[in-house]
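The following note is offered to a colleague who is meeting this structure for the first time. Please read the numbered points beside the sequence and the model.

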Amino acid sequence: MAHNTIGKIIYETCNAIWEVFSSIHMPFPSTELFEQIAYDFEKLWKFPNCIGCIDSKHIRIKCPNNSGSMFYNYKGYFSVHLQGVCDAKYKFISVDIGAYGRQSDSGIFTESNIFNNLEAKSFNVPNYRPLPNTTTPMPFVLLGDQGYPLKEYLLRPYPFDKNLDSAKETFNYRLSKARRMIECTFGILVSKWRCLKTELQMNPEHIDIVIKTICLLHNIIIDKEGIDETLLEQVRRDPTINSETHSVSRRNNRSRTEAYIIRDTFKDYFTTVGAIK
């Protein structure tokens, strides 16, 4: 059978899988779903009012024709970005695929559907709620790394420098521990779907449906079979899980005063009533 025929079958199959199963295993999040996710993050990872963790991963691709340097990333190969938001149980809530490999995390985020939905307040995020054992209403938030902008709905670590005090270190530790969920989610995904470890030999117009179908199948397997604990332990022990550094663009990282206040409130909470004994 000719390669182009095989490719056509694969793309048609991916489209069919997405059309039938995405509304079941990766639905557009509801308020009730976010509330359940927040409950899971608080119970499992001691981070209240968290509705997901966000990060992006380079997916290596064959150099597209006439693409110049747009897909060429700072690591020295051609790629597209897979940006994902995960819940507290290693499942994808939302994915965006296709941003040029040369873009930074913050640049990808501000051009993504996730960002547009959050900015338009159409993402069904629950209303403000006090952190446990407090009275001041606080927003529900995503957790990102230093490559993402600080927003009222997105927390990132305090800058790592020698002047970091113990309260900020505690906040960074708590955020990093909870945010490890997205790193493990990507780790499970790549370990299960090994084609993501190699160069994808397909045109850019087909990459989106293939990668998002792989993410959907990842969710389906977890829904049907649960987490493979042996694989999860291998991912957790993998020393390379945190090795993927990110290019950071300050252009999109300007933050409003309210975002700083929200992060400081979480910081103070983690060293007082929310401290882990």
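1. Ile6 has a relative accessibility of 35%, and it therefore counts as partly exposed, the class between under 20% and over 50%. In this predicted model, Ile6 belongs to helix H1, which covers residues 3-25. Together with Met1, Ile9 and Ile10, Ile6 makes up a nonpolar patch on the surface. The accessible area of these four residues together is about 400 Å².

2. For the protein chain as a whole, the secondary structure consists of eight helices and seven strands. The chain has 277 residues, of which 50% count as buried. Its exposed area is about 14,200 Å², and carbon and sulfur atoms supply 51% of that area. Among contacts between residues at least 6 apart in sequence, 71% join residues that are at least 24 apart.

3. The interior deserves attention next. The largest nonpolar core contains 75 residues. Those with the most contacts inside this core are Phe47, Leu82, Phe109, Leu143, Leu155, Ile211 and Phe266. Helix H5, residues 166-192, contributes the most to the core, with ten residues.

4. Phe47 illustrates how distant parts of the sequence meet. With neighbours within four places in sequence set aside, its contacts include Leu143, Leu155 and Phe266, which are also listed among the core residues with the most contacts. Phe47 is further in contact with Phe41, Glu42, Arg174, Leu175, Ala178 and Phe270.

5. Is strand E1 largely enclosed or open? Ten of the eleven residues of E1, residues 50-60, are buried, so the strand is largely enclosed by the rest of the structure. E1 pairs with strand E2, residues 79-86, in the antiparallel sense through eight bridges. One of the bridge partners is His81 in E2, matched with His58. E1 is also joined to strand E6, residues 141-143, by three bridges, and these two strands run parallel. Here Cys50 has Val141 of E6 as its bridge partner.

6. Lys168 offers a further view of helix H5, in which it is found. Its relative accessible area is 27%, so Lys168 is partly exposed. Residues up to four places away in sequence not being counted, Lys168 touches Tyr158 and Lys267. Lys168 and Thr271 are separated by 103 residues in sequence, while their C-alpha atoms are 9.3 Å apart in space.

Notes: Residues numbered from 1 in each chain as written. Predicted model: local features only at pLDDT ≥ 70, side-chain atom pairs only at ≥ 80, totals over all residues. Heavy atoms only, no water. Core = buried A, V, L, I, M, F, W, Y, C linked by side-chain atoms within 4.5 Å. Buried < 20%, exposed > 50% of the residue type's maximum accessible area, 1.4 Å probe, protein only. Helix = DSSP H or I, 4+ residues; strand = E, 2+ residues; numbered from the N terminus. Contact = heavy atoms within 4.5 Å. Pairing = 2+ DSSP bridges. Patch = residues over 30% accessible without salt bridge, like charges linked within 9 Å, V, L, I, M, F, W, Y side chains within 5 Å. Areas by Shrake-Rupley, 256 points an atom, 1.4 Å probe, with all protein chains shown as cover. Salt bridge = Lys/Arg side-chain N within 4 Å of Asp/Glu carboxyl O.
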